[in-house]
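This report walks through selected features of one protein chain, from strands to helices to single residues. Please look at the sequence and the structure before reading on.

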Amino acid sequence: MLDLSFVRENLDAVKKAMGDRNFPADPLERFAVLDAERRTVIIEADEINRKRNLYSKEIGLLMQSGRRDEAATIKAEVSGFKERQSILESKRDEVDAAMTELLAGLPNMPADDVPVGADEAANVEIRRWGEPRNIDFEIKDHVDLGEALGIINFERATKIAGSRFAILNGAGARLSRALVNFMLDVHTLEHGYSETIPPLLVNRTALFGTNQLPKFEEDLFHIKDDRGFALIPTAEVPLTNYHAEEILDAKELPKYYTAYTPCFRSEAGSYGRDTRGLIRQHQFEKVELVKICLPEESDAEHEKLTANAEKILQLLELPFRTMILSTGDMGFGARKTYDLEVWLPSQNTYREISSCSNCGDFQARRMNLRFRRAGGAKPEYAHTLNGSGLAVGRTWLAIIENYQQADGSVLIPEVLRPYMGGMASISSN
RNA sequence: GGAGACGUGGCUGAGUGGCUGAAAGCGGCGGUUUGCUAAAUCGUUGUACCUCAAAAGGGUACCACAGGUUCGAAUCCUGUCGUCUCCGCCA
């Protein structure tokens with residue numbers, strides 16, 4: 001969420017940012033009016049409260065000195081305030097709620113070095129790692145390969161749950177488990193992240209904190225329960241909210257958290273897209289990276305976090321490229337995002353496998369996550385970052401496709417073999 | 001699921017209708033003392049919003065959260081959420 005006085009003082013810059021993001025700026029047309037209205041109401045409400053407090057104090061004093069008649073006179077007078085007071089209170093609530101709604105509905109300001117552009121076509125490649133393998137036989141995709149190997153099953157998943165679900169079997173399930181363990185080991189043992197097993201159901205407050213609410217309600221699976229639970233769409237939600245409403249000591253920062261969790265997304269509005277295979281599922285596995293850090297360190301931490309995710313692809317020897325997303329393609333809460341895209345032979349292109357974002361203080365303000373520098377300094381909002389390290393399902397299919405052999409078998413990347421009990425390839429016999 | 005207790009500032013913990021934004025202690029910050037450290041001692045120390053060109057100053061709100069009673073609520077009432085103890089059940 002953007003700061004009220006920031007928006008007030010930088011209205012034109014905010015409008016421009018909304019435009020760059022392809023975001024309708026019309027909510028901002030209301031801003032100045034609403035802001036003025038809000039202040040008018042606050043001034044009048046505070047003033048009437050001040051008078052009431054003054055009179056009430058006087059009544060107390062009169063009562064104590066036994067002058068009950070005088071007290072009663074003033075009492076009668078103050079009673080007259082009640083109606084006006086309650087009108088002002090409700091007006092104030094109304095205006096405050098409208099302002100919060102307006103601000104909570106605005107996306108983050110893009111960082112200065114984010115390319116301006118309408119959509120993903122304006123994303124800029126900043127580096128590339130590895131060479132796509134030259135495959136001199138007919139390339140199959142992971143669905144054909146996996147089904148032939150008996151390690152993935154879409155039909156039965158559809159029978160049990162529906163479309164956009166998959167079942168992994170045997171070596172396929174084990175490969176997924178191996179990937180999770182491998183990723184967590186690298187991030188905890190080499191990159192310094194603290195492993196966490198968070199709740200998979202979260203409340204609405206947490207969802208507001210990481211900006212799934214109020215705008216992206218329909219992307220979530222909601223639990224039929226009066227506590228307002230939803231299934232997490234990403235472990236970013238529980239990990240980032242971990243320190244919500246806290247004031248951390250600056251010395252404790254940065255904090256690095258990682259978690260493996262299933263993630264659940266309704267994929268409302270993506271009906272025609274990626275219907276084949278494992279790319280876009282209602283339920284998928286992900287190892288998430290989250291950092292909470294000082295404002296002046298977030299850019300450097302963002303680079304490091306992105307490098308941490310890239311490291312996994314390098315160790316797995318999967319070719320990828322790193323993109324910086326344009327203003328039009330960036331997520332709601334991000335001020336800057338790097339996407340990692342892995343090479344998929346079947347699509348002859350690179351596809352997103354990780355998204356690493358610096359959210360600045362945008363989420364911290366929503367969840368009141370602050371820190372305090374040495375001594376009696378005022379609390380400040382921390383910066384939050386998140387990234388996939390990596391999406392396990394997409395890594396799984398990238399391995400199947402990139403490591404496919406002419407006979408339909410699939411080699412296991414060297415680093416994963418210890419996690420697979422020494423298995424060197426998956427084949428149908 | 002049943003019964004009971006509780007929820008106060010960075011922390012511990014007083015406070016059962018007005019003089020309480022809140023005692024006291026710890027911690028933090030500043031001063032004095034000190035060769036340094038430690039100790040002692042004095043002062044200071046919540047957050048948000050409004051007002052103000054700014055600062056100073058002034059004001060309002062906040063004692064889990066949301067309502068209510070009252071001229072006046074941390075304190076009384078109702079609901080919600082959470083924590084603890086005992087019983088039951090369970091991975």
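In which sense do β7 and strand β13 pair, and over how many bridges? The model is a predicted one, and in it β7 and β13 (residues 370-372) pair in the parallel sense, over 3 bridges.

**Strands**

The two strands belong to an open sheet of 3 strands, whose order is β7-β13-β14 and whose pairing is mixed. Its edge strands are β7 (247-249) and β14 (380-381), each of which pairs on one side only. One bridge of the parallel pair can be named by its residues: I247 has R370 in β13 as its bridge partner. As a general point, strands of a sheet pair through backbone hydrogen bonds, either parallel or antiparallel.

Antiparallel pairing is found at strand β10, which covers residues 320-324. Strand β1 (residues 124-129) is joined to β10 by 5 bridges, and the two run antiparallel. Within this pair, R127 stands opposite T322 in β10. β10 also pairs with strand β11 (residues 336-344), again in the antiparallel sense and over 5 bridges. There, F320 stands opposite V342 in β11.

Is β10 mostly covered or mostly open? It is mostly covered, since 4 of its 5 residues are buried. A residue counts as buried if 20 or more other C-beta atoms lie within 10 Å of its own.

**Helices**

Helix α9 (residues 170-190) packs against helix α12 and helix α14. The axes of α9 and helix α12 (residues 298-315) come within 11 Å and cross at roughly 130 degrees. That angle makes α9 oblique to α12, because an angle that is neither under 35 degrees, nor over 145, nor from 65 to 115 counts as oblique. The crossing of α9 and α12 is right-handed. On the α9 side the contact is made by M183, V186 and H187, and on the α12 side by N308, K311, I312 and L315. By type, the residues of this contact divide into 4 nonpolar, 2 polar and 1 charged.

α9 also packs with helix α14 (residues 392-402), at an angle of about 120 degrees and with the axes 10 Å apart. Here too α9 passes its partner in a right-handed crossing. The contact is made by L175, S176, L179 and V180 of α9, together with V392, T395 and W396 of α14. The residues of the contact of α9 with α14 divide into 5 nonpolar, 2 polar and no charged.

**A residue in helix α4**

M63 lies in helix α4, which covers residues 31-64. How far from M63 is N53 in sequence and in space? The two are 10 residues apart in sequence and 15 Å apart in space, C-alpha to C-alpha. Leaving aside its neighbours within four places in sequence, M63 is in contact with R68 and A71. M63 has 14 other C-beta atoms within 10 Å and is therefore partly exposed. The reasoning rests on two limits: 20 or more such atoms would make a residue buried, and 12 or fewer would make it exposed.

**Backbone details**

Some places in the backbone have angles worth noting. The table lists two cis peptide bonds and two positive phi values.

| Place | Feature | Angle |
|---|---|---|
| L253 to P254 | cis peptide bond | omega about 0 degrees |
| G389 to L390 | cis peptide bond | omega near 15 degrees |
| E267 | positive phi | phi near 55 degrees |
| D274 | positive phi | phi about 50 degrees |

Where do the residues in the table lie? P254 is in the loop between β7 and β8 (255-264). L390 is in strand β15 (residues 383-391). E267 lies in the loop between β8 and β9 (283-293), and D274 has its place in the loop between β8 and β9 as well.

E267 is a residue other than glycine, and D274 is not a glycine either. Are E267 and D274 buried, exposed or partly exposed? E267 counts as partly exposed because it has 15 C-beta neighbours inside 10 Å. D274 has 13 C-beta neighbours inside 10 Å, so D274 also counts as partly exposed.

Methods: Residues are numbered from 1 along each chain as its sequence is written. Chains are lettered from A and ligands numbered from 1 in the order in which they are written. This is a predicted model: local features need pLDDT of at least 70, side-chain atom pairs count only at pLDDT 80 or more; totals for chains, interfaces and linings use all residues. Axes are lines fitted to C-alpha atoms, for helices over the stretch in contact, and angles run from 0 to 180 degrees between N-to-C directions. A crossing is left-handed if the near helix is turned anticlockwise from the far one by less than a right angle, and right-handed if clockwise. Two residues are in contact if their C-beta atoms, placed from the backbone, lie within 7 Å. Ala, Val, Leu, Ile, Met, Phe, Trp, Tyr, Cys and Pro count as nonpolar, Asp, Glu, Lys and Arg as charged, and the others, Gly among them, as polar. Two strands pair if DSSP finds at least two bridges between them.
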